[in-house]
Amino acid sequence: MKPTLEKAARFLWRAARNLLCTTPYGRSFLFPPQSLANHFGRSDADYALSVFLHHYRQLSAAGFHAADRLLEVGPGRNVGTALLMWALNLGRVNQPVTMILWDIFPNMVVDADALKRAARALLDSPAFIDVQQMLPNDRIDQTLGAVAQGELLPDIRYRVEPLRSFLLGVSEADKFSLVYSQAAIEHIWNIADFWQAMIHLTQSGGWHSHRIDLADHGRRETNYIEMLEWSPLAYWLTMRFIPGAINRWRAGTHLEFVTSQGLQIFSASRETREALPIPRSRLNPAFSALDELDLRTTALDLVAVKTE
């Protein structure tokens, strides 16, 4: 099939799918709840440990030590990373530690039994030795052991609600000292609203650590910037109501925006490809003039502090 005909066929199929998703029935038919839960992230202990260690390395290299109110954005089915973050910070501050998990899809249950199982799975994972070796003095194993035995109940709360409701539900006194996410921000459609809300909810001097996946999720291996080919209207018509549809912000856009909103960037590490998968001429004009580094960037690791 010729590229033009193929793109037209993709547009018609995606537009029809997007239209069906405007109704609860159509959305549940195309994206059953259990299928969505499986789609949004892994739940195994090894994955939780790798995410925890990734963010800990990024944060500690920038000078982070501890936080008492933490927010994880878009945890999917992964409660293990939050449990590790809670255990680490509990041992480093002289007060209770609260962890909030915020999502817009109900992908898991977070209760005492789920936390006990997650703690046991983390302790039983061969990868847990990496945590013990990196953080030998933090006694995370003792804290998780108490959770696994039911002797300690972590203050980990799971909130599933739209951004506006979540924003209104956090008081000035409850602002966060650490906000982090793993491959979640790219799935937020109104991304400027999200960044403004998250920065507003951060304490002065509070930290951010985010891993943002910037590759097209459908054609990652063959054309990782396929989503940049569509006009703004065509992209809206094909993706706006799809659960988990990705926005099209590039790394440079994220960095410029958060800086303008009061975050001081400590580190911004990019994962890049060696070459563009398609000619620039195939990109929509809104993206074709971008710096090539931005187009070749497939992931961004961002660590920042709120200065105001």
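Which residue forms a salt bridge with Asp301? The partner is Arg211, and the closest N and O atoms of the two side chains are 2.7 Å apart. Arg211 lies in strand S5 and Asp301 in strand S7 (residues 297-306), so this pair ties together parts that are 90 residues apart in sequence. Please keep in mind that this is a predicted model. Here is a short tour, from the whole chain down to single residues.

**The chain as a whole**

- The chain folds into 14 helices and seven strands.
- For 308 residues, a compact globule would have a radius of gyration near 19 Å, and the 20 Å of this chain agrees with that.
- Along the principal axes, the C-alpha atoms fill a box of roughly 60 × 40 × 40 Å.
- Among contacts with a separation of 6 or more, 82% are between residues 24 or more positions apart.

**Surface and charge**

- Of the 308 residues, 51% are buried.
- The accessible surface is about 14,500 Å², and carbon and sulfur atoms account for 53% of that area.
- The chain carries 31 positive and 32 negative charges, and the mean positions of these two sets are 6 Å apart.

**Salt bridges around Arg211**

- In total, the structure holds 15 salt bridges.
- Besides Asp301, Arg211 also meets Glu271 in a salt bridge, at 2.8 Å from N to O.
- Glu271 sits in strand S6 (residues 263-272) and Arg211 in strand S5 (residues 202-213), so this bridge ties together parts that are 60 residues apart in sequence.
- Arg211 counts as buried because its relative accessibility is 15%, and Asp301 is buried too.
- Glu271, in contrast, counts as partly exposed because its relative accessibility is 41%.

**Other salt bridges to look at**

- Asp294 and Arg270 form a salt bridge, with their closest N and O atoms 2.9 Å apart.
- This pair links distant parts of the chain, with Asp294 in helix H14 (residues 292-296) and Arg270 in strand S6, 24 residues apart.
- The two partners differ in cover: Asp294 is buried, with a relative accessible area of 9%, whereas Arg270 is partly exposed at 31%.
- Elsewhere, a network of salt bridges links Glu6, Arg10, Arg14, Arg219 and Glu226.

**Helix H8 and its surroundings**

- Helix H8 covers residues 140-148 and is mostly covered itself, with seven of its nine residues buried.
- The buried residues of H8 are Ile140, Thr143, Leu144, Gly145, Ala146, Val147 and Ala148.
- An α-helix has 3.6 residues a turn, so residues three or four places apart point the same way.
- The cover over the buried residues of H8 includes helix H4 (45-62) and helix H5 (80-90), along with helix H6 (112-124) and helix H7 (128-134).
- Just after H8 comes Gly150, which takes a positive phi of about 80 degrees.

**Where to start in the viewer**

- A good first stop is Arg211, a buried residue that has salt bridges to both Glu271 and Asp301.
- From there, strand S6 leads from Glu271 to Arg270, the salt-bridge partner of Asp294.
- For a second view, turn to H8 and look for the helices that cover its buried residues, H4, H5, H6 and H7 among them.

Note on methods: Residues are numbered from 1 along each chain as its sequence is written. This is a predicted model: local features need pLDDT of at least 70, side-chain atom pairs count only at pLDDT 80 or more; totals for chains, interfaces and linings use all residues. Side-chain values use heavy atoms; hydrogens and water are left out. Helices (H or I, at least four residues) and strands (E, at least two) are DSSP runs, numbered from the N terminus. The radius of gyration is taken over C-alpha atoms; the globule rule is 2.2 Å times the number of residues to the power 0.38. Buried means under 20% relative accessible area, exposed over 50%, partly exposed in between (1.4 Å probe, protein chains only). Contact means heavy atoms within 4.5 Å. Accessible areas come from the Shrake-Rupley method with a 1.4 Å probe; for residues, only the protein chains shown count as cover. Lys and Arg count as positive and Asp and Glu as negative; His and the chain ends are not counted. The place of a charge is taken as NZ of Lys, CZ of Arg, CG of Asp or CD of Glu. A salt bridge is a side-chain nitrogen of Lys or Arg within 4 Å of a carboxyl oxygen of Asp or Glu.
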